[in-house]
Amino acid sequence: MTELPLIGEAIAVAADAPGARRLAGARIGVVTFPGTLDDRDAARAVRLAGGTAVPLWHADTTLGDVDAVVIPGGFSYGDYLRAGAIARFAPLMSKIIDAANSDAKLPVLGICNGFQILTESHLLPGSMIKNDHLKFMCRDQVLRVENSNTAWTLDYEAGQEITVPLKNQDGQYIADEKVLDALEAEGRVVFRYVGFNPNGSRRDIAGISNAAGNVVGLMPHPEHAVEVGFGPESLDGIGGSDTDGLGFFTSVLNKIVGGNK
Amino acid sequence: MTEINSVVEPVETKKFNIDTVENAAKTPDTELPWAELGLKQNEFDEVVKVLGRRPTGAELAMYSVMWSEHCSYKSSKNHLRQFGEKVTDEMKKDMLVGIGENAGVTNLGDGWAVTFKIESHNSPSFVEPYQGAATGIGGIVRDIISMGARPVAVMDPLRFGAIDHPDTARVMHGAVAGIGGYGNSLGLPNIGGEMVFDSVYQGNPLVNALAVGVMRHEDIRLANASGKGNKVVLFGARTGGDGIGGASVLASESFDDTKPSKRPAVQVGDPFAEKVLIECCLELFKGSLVEGIQDLGAAGISCATSELASNGDGGMEVELTSVLLRDPTLTPGEILMSESQERMMAVVTPENIAAFEAVMDKWAVEYSWLGEVTDTGRLIITWDGVVIVDVDPRTVAHDGPVYDRPYARPSWQDSVQADSFTGSVQDTGRPSAPAELAAAVTELVASPNMCSKDWITNQYDRYVGGNTALAFPDDAGVVRVDEETGLGVALATDANGRYTFLDPYHGAQLALAEAYRNVATSGAVPMAVSDCLNFGSPEDPDVMWQLAEAIRGLSDACMVLGIPVTGGNVSLYNQTGTTPIHPSPVVAVLGKLDDVARRTPSGWREDGQAIYLLGTTAAELDGSEWANMRGHLGGLPPKVDLAAERELGEILINASRDGMVDSAHDLSEGGLAAALVESALRYGVGARIALQDVLDRDGVDLFTALFSESQGRAVVGVPRSEEVRFKDMCTARGFAHTRIGVVDAASGNLEINGVDTMSLAALREAHEATLPKYFG
C-alpha cells in the first residue's frame, strides 16, 4: 500500500510537505450529470487521498486541465432509458472519450452508473442489465483485485481482497463469451466478486479495464470506503476495513505525480 | 373524476365552460357537487357564508381540498393545541421554527440548524403501493427543502397486515420497491425505520416517511409571499391529472368496496425530477434568489397559493392558464386540485428574475410565472383574465372548520385491560427448561416483528452522501452534518400499536420513551420530536378517545422529557370498513452528537468486555411480542417511568461521551432476549450471560427476565478499563445496573445460564430466514 498520509492528515501534510504539495496539485475531475448522486462522495475520496477534486458539469465542453476523471454513481438523467444510454451523448463525455483514447491516456474511473456510462460509450466492452434477483441491493461486498497494474489499482497487490459497498439495481455484467475470454486473457478483469455474486454478473466480474489500463469501471463503490467511521466495517461489521477503497484514489494520484511503481 | 364545471351556466372562455365569480354571483341556485368532493352540508354552507355567494367551481375545488381532514386537521386541531401549550422554556431554547411551518427547525449550534418531519402516505400506499410509498418520500423531502435545508437522510416506519396474508406480499413488494426506487434516486441515505406485521393493518397499511435536512441559520426559509409586486413562479414538473383530490377523497375517507377504484387519486412520482429540484432549490437558496417558497403536496396549487398568500402580506394574483400542463384538457378546478409531484412555488423579487431563470435553465427545470404578490388581502385567480377565484386566502388555508368530535372511553376498554396474558389460555406451557427457553428465544428472533429486516433495508442505499455513521439495525440512524467538527444528528422512530390499544395515554408515551431511549443509546442528546398520528375514523367516539388520549399522553411526556414537538402529521380514517387499526402514534425523536465518531453501535466486538444490564425488570408481558406470538392481546402495557428514562438517557450519553461504553442496545419489543441476540448478531460476536443477580434482585424467573418488556432498560458493553468508572457513575445516579456477562469473541455462541447454548450461526439462520421465506 501507499506510504502517503491517509485520513485526516492528508490535508494537514498537503500544506507543508513538498511531496504532499505536489500530490495536492494533482487535479481529479468529478463529473456531475443531472441525477448523479455520489459526486460529493467521489470528491471527498479524492480529497482524503490527498488530491484536489475538480467539479465537472455534464454540459461543459472542455475538461479543463484535469489529470484524471471520476464518473460517479447515480441515475444520470434519471436512467429511464438504459442506464448510461443518454449520458454517453453529453458534451463532456465526448471530451472524456477523446482524452481516454489519446496518447496521454487520461485515467478514467467509472463507478456504478459511471461504469454503465463507460460501457455505453464503448470505452469498455459489455453491458449491465438488471440484477438477476430483480431488486436493488445494498451490501458490503468483498472483491478480489485481479489486476494491480491499472491506473486505479497500482496501490493494491494482485489477489488482495478488499471490502467496499455495493448498491445498484442494474449491476449484472454481461458480454458475449468471446469478449469475456478476451478480457480474461488480456488481464482486463480487474475485480471479481468473492464469496457471493450479488447480481449474476458473468464470471463474477465486478470491474474491468480497457487494454491500456487507464480506463477502469466497476459496479461497487470504493468512494464509500475511504473514511474510518463511515465505511463498510462501521456499518456492517463483516470484518473488512472502513478504508479499503482509498487505494483507488491514491493509486491514480501517485501515478499522476510519478511516485509509484 | 368529478366534472366541476359541467354543471354550471356556460360562459365561453377558451375551450372550457368556465364558472366565473361574476357568473356565480348571478346564479346562486346552481347545484354544485360539493358532496362528491368530500364536503359536508354544514361545510358547504360555511363556504357560502364566507364568500357571501355560492363558490365557483374552482373555489369549490380549493375549499374542498383545503378543508379536508388531511389538510385542515379539523378533527384533531382542538387536541393538537396541547403540543404548543405544554411547552417549557427549556423546550423552547433550541427551537428556531415551531409547529405550523412545513417543518420545525432546531438549533444544532455552530450556526447549524436541523429540520425534520414525519408524514403518512397510508391510503395511496394501499391503493397503489409502489407510487404511494415513492411519493410519500417525495413529499416529505420537499417539505424539508421548503425550509431552506439540504435533505440528508430518510427513514420509513412501515406497518403491514399479517405476514402470511396473500395481499401483504403485494403491499410489501410495492412499498419497499417504491421507497427504494424513489429514495435511492435522490441520493439520500435511508438510515432506519420500522417494520411491523399485524392483521389490523391488513386493509390499511401504514406507510410513514421521515426526512431530515440541515442548513445554516441564515438559510432558513419560510412559506410566505411578501412584498407587493414580487413575482409568483411555479417550477418543476408539469401539472397533470394525477392525484386530483388525493387529500380530500382518498386520505380523508374510509375505503369502501362499493365505490369505484380510487387509483386516479394516487400521484405518480418522478424521482429524477425531484433530485434535480433539490439541487436547483439549494442553488436558489445559496444565491438568496427566493423570498418565500412552498412545496406542492396535498391540495397542490390550492394549498400553495392560499398558504403563501395568507402567511405573507395577504394578497396574490395568479393567472391559471400560465400553469404548464401535461394534459391540456384539465379544467381549472382540476389544475387547482392536482397533486402532481415534484413541483414548487416561489416568490421572487423582480430584480432576481434573471438570476432565477438562469438557475432553472442550468438544471433544465421548467417554470412559469403565474402572477404576483398584492396587498389587497385577496387571493385572485384568473382564467384568461376572467376572475374564477376571489377569496380571502386565510379562509381557505387557516379558517377551515374545527370540530369538537364527541369521544368517550370505549365500553370494551375495561374488559380488554382486565384480560392479562399471565394466566390466560394462551399462557399455558410457558417455557422453563433450558431447551424450551432456547427454542423460545429462537422462535422470538425469527418471528415476523423481531426477525432481521435485511430483506427490506438491503434494498435501500444507506451509504450515499458518505455521512452515515449508524444505520439499521442499530438503535438510531446517525448522520454527520459538519465534516470539520463531526457534529451530527441521530434519529429514531417508534410506535407500538398494541400498547396504545391497551392504553392510548401510556401507549403514546411508551412510543416517545422508546424513540428517546434509542437516540440516547446511540450517544446523542435528544432535542426534538415529530409525530405521525395514525388512527381510525374520528367520527367513531372510541377512536376519537384514543386520539385525544394519545395526544394528551404524548404532550405530557414531552414536558417531562423536556423535548418539544416541532411538527408532524395526523392521519385519520385508517380503517377497513368499521374496524379501525390499532391506534398507532409513530414518534420520531431527533438528537444531537457533538462528534459522530463518539456514537455507540449496538453490537459487541471486543472480547472480554463486561456486559451490563441497566434498569430493572418486572413481570410485564401484556402486549409483549411473546404474548403476540401466542395470539394474546390484553391487559396493561409496561409501566411508563419518564424520570427513569431521562436518567438512563443521561447515563448512556455521558458514557458515550467519556468512552465508558463500546456498545449499547435498548430493550424494547422482545425484551432482553431480543436485545442479547441482536447485540451478538450485529458483528457476529457472542457472549456468556448469567442472569442470577437480576432474578434475585427483581424477583422474576428466567423466562420473565428474558421476555418481559419492562421499560427504561439497556444492555451495554463496557471496556474492562472503564468498569469501575462506569459502575461509580450508575451508583452515584442511583440507577440499577447489573453485570450480566462478558463478550466472548471466540465461542461463536450465545450462552445464557439456564438456557441451552445457542450457536450464532443457528440464530442468524433463524433471524434472517423469515422475510425471504414470505417475500422471496
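Two residues count as being in contact here if their C-beta atoms, placed from the backbone, lie within 7 Å. With that in hand, let me start with chain A of this model, which, I should say at once, is a predicted one. Among the contacts in chain A between residues at least 6 apart in sequence, 73% join residues that are at least 24 apart. The chain has 8 helices and 11 strands, and of its 261 residues 59% are buried.

One helix of chain A deserves a closer look, namely α8(A), which covers residues 246-257. Its 12 residues reach 17 Å from the first C-alpha to the last, close to the 16 Å expected at 1.5 Å a residue. Because 11 of those 12 residues are buried, α8(A) is largely enclosed by the rest of the structure. The buried residues include A:F248, A:F249, A:V252 and A:L253, and also A:N254 and A:K255. Just after the helix, A:G258 takes a positive phi of about 75 degrees.

Let me turn to chain B, and to its open sheet of 6 strands, which has mixed pairing and runs in the order β3-β4-β5-β8-β6-β7. The edge strands, each pairing on one side only, are β3(B), residues 95-97, and β7(B), residues 190-197. From one strand to the next the twist averages 25 degrees. At the β3(B) edge, 2 bridges join this strand to β4(B), residues 105-109, and the two run antiparallel. Within that neighbourhood B:V97 stands opposite B:V105 of β4(B).

Which strands does helix α8 of chain B lie across? The helix, residues 129-146, lies across β5(B), β6(B) and β8(B), and runs at about 25 degrees to β8(B). The covering of α8(B) is easily stated, since 18 of its 18 residues are buried. As for its length, the 18 residues should span 26 Å at 1.5 Å a residue, and the end C-alpha atoms are 26 Å apart, so the two values agree. Just after α8(B), B:G148 takes a positive phi of about 95 degrees.

Now to the interior. The largest nonpolar core has 323 residues, and those with the most contacts inside it are B:V441, B:L491 and B:L512. The element that gives the most to this core is helix α21(B), residues 541-561, with 10 residues. If we follow B:L512, and leave aside residues up to four places away in sequence, we find that it touches B:V529, B:L554, B:A557, B:C558 and B:V587. Helix α21(B) itself has 21 residues and reaches 30 Å from its first C-alpha to its last, close to the 30 Å expected at 1.5 Å a residue. Just after α21(B), B:G562 takes a positive phi of about 75 degrees.

Finally, how many residues does each chain bring to the contact between A and B? Chain B brings 27 residues and chain A brings 25. On the side of chain B that touches chain A, at least two residues each are supplied by α11(B), residues 271-286, by β16(B), residues 468-470, and by α24(B), residues 671-683. The largest share of that side, 3 residues, comes from α11(B). By class, the same side of chain B has 12 nonpolar, 11 polar and 4 charged residues.

Methods
Residues numbered from 1 in each chain as written. Chains lettered and ligands numbered in written order. Predicted model: local features only at pLDDT ≥ 70, side-chain atom pairs only at ≥ 80, totals over all residues. Helix = DSSP H or I, 4+ residues; strand = E, 2+ residues; numbered from the N terminus. Nonpolar A, V, L, I, M, F, W, Y, C, P; charged D, E, K, R; others polar. Pairing = 2+ DSSP bridges. Axes fitted to C-alpha atoms, helices over the stretch in contact; angles between N-to-C directions. Buried ≥ 20, exposed ≤ 12 C-beta atoms within 10 Å, placed from the backbone. Core = buried A, V, L, I, M, F, W, Y, C linked by C-beta atoms within 7 Å. Expected span 1.5 Å × (residues − 1).
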